[in-house]
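Open the model in your viewer and keep the selection box at hand. We will go from the whole chain to single residues.

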Amino acid sequence: MATLSPKVSSKLAADIYLVQNKMDEEIFFERYASFIKAASSNVMHAEVGSRLINTRDAFGVACKGAGDYENDVFLIFRGSTFANYGADWISNARIGLEIGESDWPVHTGFNHIFKSMLTQLKDFFASLNGKPRMVHCVGHSLGGAIATLASDWVSKKSLSNATKVYTFGAPRPATHLFSKSYTNRLTKNNIYRVYHESDPVPMIPVFPFCHSPFGNMAYLIHTKPMIWPWDHKMGAYIKSIEAKGRSWASLSPTGVHEPTEAQMQQWLESGIKVEPRSTTAWQWVSSALFYVLRKIVGFSMSKLQATFTGIVTLADSIALLLQKGLDNDPDDPNGPSGGASRKGVGYWITRLMIKIMQILGWSSNIKRDNLTRRFMQNALQRLVEKSHLEATKAVQTLTV
């Protein structure tokens with residue numbers, strides 16, 4: 001089965017932004033006539049935004065393959081734009097969890113966009129003469145998140161003999177539970193996630209969201225040690241791919257693993273101020289949230305993530321758990337002023353909040369007694385907003 005090369009998949013992810021009107025649509029299909037059949041394509045329209053600003057526009061294409069891809073299907077999705085009063089970014093900002101098509105928690109805003117195209121996708125697959133040999137799902141930025149949900153749906157419903165997904169600079173679309181199930185079904189060899197070290201979009205949203213494949217195996221392209229919004233542009237990804245190699249073997253996947261308990265404790269206790277523009281800061285704070293929350297509820301991922309799918313916001317859900325941890329450790333005898341060798345969960349919650357406050361630029365001279373649920377909820381909400389702002393700045397640089 002033919003796998004799309006990094007060059008071809010990145011070009012598709014860039015050029016799908018053209019499919020916004022009839023003339024540009026024709027240019028797109030002429031450009032890829034050697035392996036995509038224009039006559040068999042459906043332009044998919046998605047619903048983006050919220051109740052206040054809600055619109056439908058061209059979001060991608062579903063089409064049959066040609067040439068070497070004669071028995072394949074392509075699902076290609078565009079990334080975020082600032083058209084329609086920024087409706088895409090309203091969807092991006094809907095940072096909650098709901099149960100997706102594969103029965104695992106996924107990002108609310110991304111899932112809303114994907115579900116708005118489901119009828120079109122079902123009609124397209126119903127029009128095919130049997131199962132395709134392979135379905136290739138491609139996308140950049142927001143389109144990468146949607147490509148992940150689409151490939152999950154195709155695989156879950158057994159709509160093809162095999163499924164591959166190719167994403168560039170995509171945000172985190174779902175939880176660990178989704179990622180593990182998704183990776184087991186597609187297998188790591190069929191998931192091609194490419195990201196620049198300095199691109200802020202793949203850094204968000206923070207925990208409980210994570211990337212696929214499970215274990216964070218991805219095609220990491222080293223760029224800069226600080227966040228650089230211009231590295232989110234598809235043009236920058238294409239340039240990197242051309243410079244570093246045009247095959248997946250030349251790019252080579254890199255495993256990014258969660259810190260060990262000792263490393264996590266060392267980071268939380270370190271006196272080094274967290275620099276929000278650092279490429280590692282958001283990964284560390286996301287891992288730290290994961291570490292502290294698991295200390296509170298134990299090591300059951302199902303139990304932990306089940307607390308986040310409800311009517312309250314994620315920030316409030318996490319604040320509730322942190323408050324629970326403080327309440328169950330009322331005296332904190334093993335905290336900063338205690339003499340015991342083992343530190344209680346209240347101590348680690350305090351250290352976590354100090355790191356979050358540093359990222360926010362707040363004074364981090366805070367004591368445990370000041371950590372009310374309302375204060376922590378506000379800090380967590382501001383953390384989400386700040387990370388979202390970094391990603392927004394990146395997308396504002398796009399000139400595809």
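Start with everything selected. Of the 400 residues in the protein chain, 58% are buried. Remember that this is a predicted model. Color by secondary structure: the chain has 15 helices and 12 strands. Now show the surface. The accessible area is about 16,700 Å², and carbon and sulfur atoms account for 51% of that. Contacts reach far along the sequence: among those between residues at least 6 apart, 73% join residues at least 24 apart.

**Stop 1: strand β6**

Select residues 134-140. This is β6; seven of its seven residues are buried, so the strand is largely enclosed by the rest of the structure. Show the side chains. Met134, His136, Val138 and His140 point one way. Val135, Cys137 and Gly139 point the other way.

Which strands flank β6? Add residues 72-77, strand β3, which pairs with β6 in the parallel sense over six bridges. Look for Phe77, whose bridge partner in β6 is Gly139. Then add residues 163-168, strand β7, which runs parallel to β6 and is joined to it by six bridges. Here His140 has Phe168 of β7 as its bridge partner.

Next, add helix α6, residues 142-156. Together, β6, α6 and β7 make a right-handed β-α-β unit.

**Stop 2: Asn190**

Stay with β7 and select Asn190. It sits in the loop between α7 (176-186) and β9 (191-196). Is Asn190 buried or exposed? Its relative accessibility is 16%, under the 20% cut-off, so Asn190 counts as buried. Leaving aside neighbours within four places in sequence, Asn190 is in contact with Thr163, Lys164 and Val165.

**Stop 3: helix α4**

Select residues 108-115. Seven of the eight residues of α4 are buried, so this helix is largely enclosed by the rest of the structure. The buried ones are Thr108, Gly109, Phe110, Asn111, His112, Ile113 and Phe114.

**Stop 4: the largest nonpolar core**

In soluble globular proteins, nonpolar side chains tend to be buried together. Select Leu322, Ile349 and Ile356. These have the most contacts inside the largest nonpolar core, which has 42 residues. Now show the elements that give two or more residues to this core: α10 (261-269), α11 (281-297), α13 (314-327), α14 (345-360) and α15 (373-396).

Finish by zooming in on Ile356. What does Ile356 touch, not counting residues up to four places away in sequence? The list is Val285, Ala379, Leu380 and Leu383.

Terms used. Residues numbered from 1 in each chain as written. Predicted model: local features only at pLDDT ≥ 70, side-chain atom pairs only at ≥ 80, totals over all residues. Heavy atoms only, no water. Helix = DSSP H or I, 4+ residues; strand = E, 2+ residues; numbered from the N terminus. Buried < 20%, exposed > 50% of the residue type's maximum accessible area, 1.4 Å probe, protein only. Contact = heavy atoms within 4.5 Å. Core = buried A, V, L, I, M, F, W, Y, C linked by side-chain atoms within 4.5 Å. Areas by Shrake-Rupley, 256 points an atom, 1.4 Å probe, with all protein chains shown as cover. Pairing = 2+ DSSP bridges. Right-handed = clockwise from strand over helix to strand, strands pointing away.
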